[in-house]
Amino acid sequence: MTHVVTEQCVHCKFAECVTYCPVACFREAGTFLVIDPEECIDCGNCVEACPADAIYPEDELPPELAPALEWNARLATELPLATTRVEPLPDGEQWQGRPGKWDTLPVEQAPSVSCP
């Protein structure tokens, strides 16, 4: 099992999760993070650290956020490793809690499966 970053991270990227992760499983895009399912050790530290409530254990992922599984797995192979020096986005708090953030991403960064 893995943990999964969901669309709540998009345009927020607070990144506390990266500093609490004991392994290198986070990958960084310009406006969000994803978790590499091959590297995640399922410790759960990131869930507690995320102020945007954007991370779920795979088996607790709400059905409407199911596209996040594919999204994390695919982008983890394409994005660079996130370091402990990730800076949160300056307007992240304004985006926190907004729905439909996957729709704001470029096609190549959006989930490739249908979102409900």
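User: Before we get to cavity linings, which residues count as nonpolar, charged or polar?
Analyst: Happy to start there. Ala, Val, Leu, Ile, Met, Phe, Trp, Tyr, Cys and Pro count as nonpolar, while Asp, Glu, Lys and Arg count as charged. The others, Gly among them, are polar.

User: Thanks! How many residues of each class line the second largest cavity?
Analyst: Keep in mind that this is a predicted model. The second largest cavity has a volume of about 50 Å³, and its lining includes His3, Val23, Ile41, Asp42 and Gly44. Under the class rules, Asp42 is charged and Gly44 is polar. The full count is seven nonpolar, two polar and one charged.

User: And what is the volume of the largest cavity?
Analyst: A search of the whole structure turns up two cavities of 30 Å³ or more. In the largest, Cys9, Phe14, Ala15, Cys17 and Cys50 lie nearest the centre, out of 15 lining residues. By class, that lining has 13 nonpolar, no polar and two charged residues. The volume is about 90 Å³.

User: Which element gives the most residues to the largest nonpolar core?
Analyst: That core has 36 residues, and Phe26, Phe32, Leu33, Ile35, Ile55 and Trp71 touch the most other members. Strand E1 (3-5), helix H1 (16-20), strand E3 (33-35) and helix H3 (67-76) each give two or more residues to the core. The top contributor, with four residues, is H3.

User: Which residues from 46 onward does Ile35 touch?
Analyst: Leaving aside residues up to four places away in sequence, the contacts of Ile35 include Thr2, His3, Val4, Val5, Cys25, Phe26 and Cys40. From 46 onward, the partners are Cys46, Ile55, Asn72 and Ala76.

How values were computed. Residues numbered from 1 in each chain as written. Predicted model: local features only at pLDDT ≥ 70, side-chain atom pairs only at ≥ 80, totals over all residues. Heavy atoms only, no water. 1 Å grid on protein atoms, 1.4 Å probe; cavity = no way out; pocket = protein on both sides within 12 Å on 5 of 7 lines; lining within 4 Å. Points joined across faces, edges and corners; volume = space filled by probe spheres on them. Core = buried A, V, L, I, M, F, W, Y, C linked by side-chain atoms within 4.5 Å. Buried < 20%, exposed > 50% of the residue type's maximum accessible area, 1.4 Å probe, protein only. Contact = heavy atoms within 4.5 Å.
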